Structures are given as C-alpha cells and as structure tokens.
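Student: Please take one part of this model and go through it closely, setting out how its buried side chains are covered and how its charged side chains pair. I would like each cut-off stated where its term comes in.

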Amino acid sequence: MAAEQSAVSAARPPPVVPLLPRGRDGAALRAVPLGAAGAPSEAAVEHFLKAGRLAARDGAEIRWWHAANSRRRAREAARSAVHMVEADVLLRGGRGGDGDPIMAHPPETDSDITLQEWLEEMAGTDKGIKLDFKSLDAVRPSLELLQLVKPCLERPVWLNADVLPGPNGINAVVDAEGFLEIVTSFFPDVTLSLGWTTGWHPEQHNEEAVAVYHHLEEGRHLSEHSFQHHRALRNL
C-alpha cells in the first residue's frame, strides 16, 4: 500500500460494545466527531508516542496489517502486535449490490465477515483501523455502523478511497466529491486517506490528478491527509 503515517491505540483496550442491528432505510444518524476529542485526527505518530507504543517519533516504526478481509485474518490481526489494521469494504454482491457492507477486495463480491462483525472484533483491541472503500454505495451504510461503535474507537480511524485515476490507471474507483461529502457529513474530524489507481509506470504521476487532489484537499479544509499512491505491482 502507499507509504503513510499511522494512527494509534488507547493505553488500555476499550471494552467491547456490540453494534446494534439497524435497517438500511432507518432514520438518519446525527453527524458527530468520531472517538474522543482530537483522537482520530491527531497526528498518528504523536498518538502512538502518547500510548507508549513507539520509542521515537518515527512513522516508519508503525506496523500495519493489510487485507484483514476474513474472519481468520481479522482475528489474527486483532491478536497481533501491529499498530494499524487495514481492510477493504464493499457491499455484498459487489458494485451496485444491495447487501450488507462486507470485508472483501474486488473481484471478490462475498466474504465470511461483515463490517459489523469486523468492527466488533476490532473494538476490543488497541488497534487503529483503516477502512478502504471499494464503492461509493458502501460508504453511507458503513459509516452508519461505524457511528454506532464510535464510543469504543478512541484511536486512529482512517477512511480511504481511490478517488482519481493515476498513470495508466482506470477510471476513479470512487467518486471523489460524493465520498468526501458523505464522510464529512458523518465524521468531520476523521482522517482521510485519498489515493488514485495506477497501472505499471515506474516514474510518472499524472500532473492533472495531483492538481485535482490538492483542490479536493484545500476545498474541504480537512484536518489531516495521507498523500499516497498505489504501487502498481501490489494487489491492495
């Protein structure tokens, strides 16, 4: 995945609070900051330092667990010594599907673990989390679930989407304006990690895409960003 900073955990793991079941067409949830005041948007390295999980102010020391998209991998990640756990989110059935949010990376369209179950697994740990959205349709129902578990998430929370096509890339996976509008309406203070898709191109980045990225960043006055690119020979 992209080179990025990280986010942190509480000194003591918070208690597990089960998510309440909720219909997809239920009443709208009020937008509130995620986690304790300042925690999700606080600089990741600083947060880990305060928790005593980093010996020095060095983001390279933050350990990641990627693609925790199954029950087994989510359980292993929760019991590991990593700082951050990343997983992919889409609706069951894939793009345009109308199922529950699940943990899967395209071309997969099904999983043995839903986002609700995944969040319950992570809520009882001291891990920061990063959710990588693979479709715009999955964002709103996922944030409704995230809002229900927010009292247990006083640690870094990153929300990621590939919002632009990069060099030799395909069309943007997730609509940029739609993604930012939904996320900031729920969680104005959350850390956003915006990226773009690429094909194999060892040196070149698309200057127009970079300019659009900066426009999105400045226009939304967001608190913290991870300026990232995907490495072409990895399936992220």
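Tutor: What follows starts with two helices and the core, and then turns to the charged side chains.

This is a predicted model, in which local features need pLDDT of at least 70 and side-chain atom pairs count only at pLDDT 80 or more, while totals for chains, interfaces and linings use all residues. Residues are numbered from 1 along each chain as its sequence is written, and side-chain values use heavy atoms, with hydrogens and water left out.

Helices (DSSP runs of H or I, at least four residues) and strands (runs of E, at least two) are numbered from the N terminus. In α3, the buried residues (those under 20% relative accessible area, as against exposed at over 50% and partly exposed in between, with a 1.4 Å probe and protein chains only) are L115, W118, L119, M122 and A123. Viewed along the axis of α3, these buried residues fall within an arc of 135 degrees, so they line one face of the helix; the arc is taken from the directions that run from the helix axis to the C-beta atoms. Among the elements that cover them, by contact (heavy atoms within 4.5 Å), are α2 (71–79), β2, β3, β4 and α4 (139–149).

The helix α4 is itself mostly covered, since nine of its eleven residues are buried, among them L143, E144 and Q147. The cover over the buried residues of α4 includes β2, β3, α3, β4, β5 and α5. Leaving aside neighbours within four places in sequence, L143 is in contact with F133, L159, I182, V183, F186 and F187.

Both W118 and L143 also stand out in the largest nonpolar core, which has 45 residues and in which W118, F133, L143, L146, L159 and F179 touch the most other members. Such a core is a set of buried Ala, Val, Leu, Ile, Met, Phe, Trp, Tyr and Cys residues joined through side-chain atoms within 4.5 Å. Two or more residues each come from α2, β2, α3, β4, α4, β5 (157–165), α5 (176–186) and β6 (191–197), and α5 gives the most, with six residues. A second, separate core of seven residues includes V45, F48, I62 and W158.

As for charge, the model has eight salt bridges, each being a side-chain nitrogen of Lys or Arg within 4 Å of a carboxyl oxygen of Asp or Glu. In one of them, the closest N and O atoms of D126 and R53 are 3.9 Å apart. Because D126 lies in the loop between α3 (115–123) and β4 (128–133) and R53 in the loop between α1 (44–50) and β1 (64–65), the pair ties together parts that are 73 residues apart in sequence. D126 is buried, at a relative accessible area of 19%. K127 forms a salt bridge with D126 as well, at 3.6 Å between the closest N and O atoms, and these shared partners join R53, D126 and K127 into one network.

E86, which sits in strand β2, is a buried residue without a salt bridge, and the nearest side chain of opposite charge, K130, is 5.7 Å away. A polar atom of the E86 side chain does, however, lie 2.8 Å from the backbone nitrogen of A67.

Definitions and conventions. Lys and Arg count as positive and Asp and Glu as negative; His and the chain ends are not counted. A polar contact is a pair of N or O atoms within 3.5 Å; within protein, one must be able to donate a hydrogen and the other to accept it, and residues adjacent in sequence count only if both atoms are side-chain atoms.
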